[in-house]
Amino acid sequence: MESSRAARRNHRARPSRRRPLPYIALATVAVVGATAAGTVYVKAHAHSGAVSSSAAPSASASASGSQEATVEPVTQPTVDYDALLAKAMGSVTPTGDQKVSVAVLDLTSGESATYGSAAFDTASIVKVDILATLLLQAQDAGRQLTATEKSYATTMIQNSDNDSATALWNIIGTADGLGKANKTFGLTGTTGGAGPLWGLTQTTAADQLTLLQQVFGDDSKLSSASQSYIQGLMKEIEADQQWGVSAAADGSKWALKNGWLARSTTGLWDVNSIGRVTGTDGDTYLVAVLSKGSTTQTKGITLIEAAAKAGVAAFGEDSGSSKNSGSATAASASATD
């Protein structure tokens, strides 16, 4: 290269005027970083002046603060869990007047899905809401539950005793008290039953999932002591009531409350189940299944257990994709002078 040879001749002829010459640094940096939403790829290129004649060219990975970066996000398709749940529910076949709705939250991944938005009678699953309301009221008053209240709570949840539920329903202020607490809990589609008819409280699967998050989730208006208290009772349901969402659990890894009611107006059954289960995939799920229109309680149980299993299976179908890594977003950035 002529310019380099000329530089060397000048260097030998005039040593007293030697000066450091600008040099060029060429660098290519490839940085791969993982984010919660996926993977980001960054490529940076830096350039500077002429090559020095007195030394071999050198390279360094540097990027000037004056450089501008352009980012072009490429969003990968996210998983539609509502669609997966709807597809899974295709294997569940209600008959006659049966209707069913399901809501599922994977506590491990944070993903959730809901199938159906209609309101249903709660029957005895409202007993969880009654106890949560009682505990919230006690927290706000700075007091502990009385021995009598604890006795009612135990038989109401573990044995589904209706007299105990009625006693606590009156203590919390019936539908008004329930409604105030539910507003705090974030329930938006639940209306307490009229007068003493707590079992005819209307609710949605989505609202029951919100309630379960108050009982089992990290971001709850209930204290950890209150949560542990309800959870403990829901793990000790009497033997003949251990059905429902537990059908989707790995063995005995469940905590639940069921509800069942034969409507006097139609003779058809409301059969519901809510709770937490650990699936065979090792993930922990909150599951709410509501149904109505079954000709017998047994047929209602069969329906909601099939729905619970389909709901959990919908999440298992997506193992190895964005269930584990979150919604992926890739971006490439290049820096120039």
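**Exercise 1. Find which residues of helix H4 are buried, and decide how they are arranged around the helix.**

Step 1. In this predicted model, the buried residues of H4 are Glu 149, Ala 153, Met 156, Ile 157 and Gln 158. Buried means under 20% relative accessible area, exposed over 50%, and partly exposed in between (1.4 Å probe, protein chains only). Helices (H or I, at least four residues) and strands (E, at least two) are DSSP runs, numbered from the N terminus.

Step 2. Viewed down the axis of H4, the buried residues fall within an arc of 170°, so they line one face of the helix. The arc is that of the directions from the helix axis to the C-beta atoms.

Step 3. A general rule helps here. An α-helix has 3.6 residues a turn, so residues three or four places apart point the same way.

Step 4. The buried residues of H4 pack against helix H3 (126-141), helix H5 (162-172), helix H8 (224-234) and strand S8 (254-262). After H4 comes Ser 160, which has a positive phi near 55°.

Notes on the model. It is predicted, local features need pLDDT of at least 70, side-chain atom pairs count only at pLDDT 80 or more, and totals for chains, interfaces and linings use all residues. Residues are numbered from 1 along each chain as its sequence is written, and side-chain values use heavy atoms, with hydrogens and water left out.

**Exercise 2. Check the lengths of helices H4 and H9 against the expected span.**

Step 1. The expected span is 1.5 Å times one less than the number of residues.

Step 2. H4 (residues 147-158) has twelve residues and should span 16 Å; its end C-alpha atoms are 16 Å apart, which agrees.

Step 3. H9 (residues 297-316) has 20 residues and should span 28 Å; its end C-alpha atoms are 29 Å apart, which agrees. Buried residues of H9 include Gly 300, Leu 303 and Phe 315.

**Exercise 3. Describe the surroundings of strand S10.**

Step 1. Seven of the nine residues of S10 (residues 284-292) are buried, so the strand is largely enclosed by the rest of the structure.

Step 2. S10 pairs with strand S4 (residues 99-106) in the antiparallel sense over eight bridges. Two strands pair if DSSP finds at least two bridges between them. Lys 99 stands opposite Lys 292 in S10.

Step 3. S10 also pairs with strand S9 (residues 269-278), antiparallel, over six bridges. Thr 278 stands opposite Thr 284.

Step 4. S9 and S10 form a hairpin with five residues between them, and Gly 282 in the turn has a positive phi of about 90°.

**Exercise 4. Which residues touch the most other members of the largest nonpolar core?**

Step 1. A nonpolar core is a set of buried Ala, Val, Leu, Ile, Met, Phe, Trp, Tyr and Cys residues joined through side-chain atoms within 4.5 Å.

Step 2. The largest core has 72 residues, of which Ile 130, Leu 131, Ile 230, Val 287 and Val 289 touch the most other members.

Step 3. Outside its neighbours within four places in sequence, Leu 131 is in contact (heavy atoms within 4.5 Å) with Ala 153, Met 156, Ile 157, Tyr 229, Ile 230 and Leu 233.

**Exercise 5. Is Gln 227 buried or exposed, and where does Gln 137 lie?**

Step 1. Gln 227 lies in helix H8. Its relative accessibility is 10%, so Gln 227 counts as buried.

Step 2. Gln 137 lies in helix H3. With a relative accessible area of 29%, Gln 137 is partly exposed.

Step 3. Gln 137 and Ala 181 are 44 residues apart in sequence and 7.9 Å apart in space, C-alpha to C-alpha.
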